[in-house]
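Student: I am new to this structure, and I would like to understand how the terms used for it are justified. Could we take them one at a time?

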Amino acid sequence: MDRVLLTGISGFLGGHVALALLKSGYSVRGSVRNLSKADKVRQTLENAGADTTNLEFVALDLNRDEGWKEAMEGCRYLLHTASPFVLQMPENKDELIRPAVEGTERALTAALAANVERVVLTSSMAAIAYGHDASRTAPFTAADWTDLEGRGVTAYVESKTRAERRAWELMSAAGRQSDLVTINPAGILGPLLDEDPGTSAQIVLRLLNGTVPAAPRMPFVVVDVRDVAAAHVAALTGEVGGTRVPAGERPLFLFEIAGMLRKRFPHYASKLPKIEMPDWAVRIYALFDKDIRSNLGELGVLKRLDSGPAEMLLGRKLIIAEDAVAATGESLIAHKLV
Ligand code: NAP
């Protein structure tokens, strides 16, 4: 049975990837920062219908050298999803950049030393579509790279861009560029596997909780977590070695997401914003709110992502954004988070 080292198994995406791997018959060695999380992760996966007989855990920290060599032993593939994902940018951007870049170095160096067959790295649309001219209307593709010198580049965007660049450098220095695949998802929504809303579901959570009285004209390209997880698994063996796989179904303004939620969950209609906030008001509001301030550069900037490579890899269309939004809302309600 083929064993995969899956970093970040405790995360929103990591859990779905583990589920997809186990259901596809892989043996999974999942990494957590602290082994005290292992039982909870196992239980969550069992609740979601996985047979966890072939699941084991190792402790790995992106910021520490310990354990990486041993963790890779006996693994045919590396699937590296772990990286800090936050909404509020830290004062010191290295809090995000260091674990993202050095964690990628640790993971890929160990994978190369163990001669794994393929590395699949969770990168992001953040490494593709930022720092560009805001008037661009053409979809972003696998050929585009975020311009770190451009406007509106946050610490998170920088962390993902530098980490992916480093991954390609390391693989090509080892003459193994064709054994790396990066999955570059847009904003991931979809069903939560447990009661931790994490970072990804925050948009829908805040809307349903009534904490967004008026919606800023903030667009998000949305992709469903089930598609992103399936793409990671397919990339282990698919004919996509040496490529980047962008994945995002379509861009939605926050107000459109609110409209979808209102239609699907009429009981929550009174909580959802009924108006869009004009950009000038958002700019004033941002003077007092750090979260909004760090994303001001995105106000009104509608980006599209060419998901051809993801659809080719999956052999089908991506789950539509409406369904990803609805599934997020349904699981937030089911877990009594709203
Ligand atoms: P998440 O739920 O916060 O998961 C992040 C994972 O990374 C967790 O397992 C976390 O472990 C682990 N991690 C963070 N810092 C670590 C460290 N220093 N050492 C070891 N592990 C560490 O976020 P997610 O949404 O699933 O994101 C997973 C990946 O997808 C990330 O690479 C993210 O950049 C990428 N991505 C996410 C989105 C999105 O919209 N969600 C979009 C594009 C790309 P703990 O449980 O111990 O914290």
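Tutor: Let us begin with a cut-off: a polar contact is a pair of N or O atoms within 3.5 Å. Please keep in mind that this is a predicted model.

Student: What makes the approach of the ligand to the side chain of S200 a polar contact?

Tutor: A nitrogen atom of the ligand is 2.6 Å from an N or O atom in the side chain of S200, and because the limit is 3.5 Å, the pair counts as a polar contact. For an oxygen atom of the ligand, the distance to an N or O atom is 2.8 Å in the side chain of K160 and 2.7 Å in that of Y156, so these pairs also meet the rule.

Student: How do you know how much of the ligand the protein buries?

Tutor: The ligand taken alone exposes 890 Å², and the protein buries 88% of that. Elements giving two or more residues to the shell are α1 (12-23), α5 (155-173) and β7 (187-189), and the shell residues divide into eleven nonpolar, eleven polar and four charged.

Student: Why is the meeting of R244 and E164 called a salt bridge?

Tutor: Their side chains are 2.7 Å apart, N to O, and because the rule asks for a side-chain nitrogen of Lys or Arg within 4 Å of a carboxyl oxygen of Asp or Glu, the pair qualifies. R244 lies in strand β10 and E164 in helix α5, 80 residues apart, so the pair links distant parts of the chain. By this rule the count comes to 25 salt bridges.

Student: Why are β2 and β3 said to pair?

Tutor: Pairing needs at least two bridges, and strand β2 (residues 27-32) and strand β3 (residues 55-59) have five in the parallel sense, so they pair. R29, for instance, has E56 in β3 as its bridge partner.

Note on methods. Residues are numbered from 1 along each chain as its sequence is written. This is a predicted model: local features need pLDDT of at least 70, side-chain atom pairs count only at pLDDT 80 or more; totals for chains, interfaces and linings use all residues. Side-chain values use heavy atoms; hydrogens and water are left out. Helices (H or I, at least four residues) and strands (E, at least two) are DSSP runs, numbered from the N terminus. A polar contact is a pair of N or O atoms within 3.5 Å; within protein, one must be able to donate a hydrogen and the other to accept it, and residues adjacent in sequence count only if both atoms are side-chain atoms. Accessible areas come from the Shrake-Rupley method with a 1.4 Å probe; for residues, only the protein chains shown count as cover. Ala, Val, Leu, Ile, Met, Phe, Trp, Tyr, Cys and Pro count as nonpolar, Asp, Glu, Lys and Arg as charged, and the others, Gly among them, as polar.
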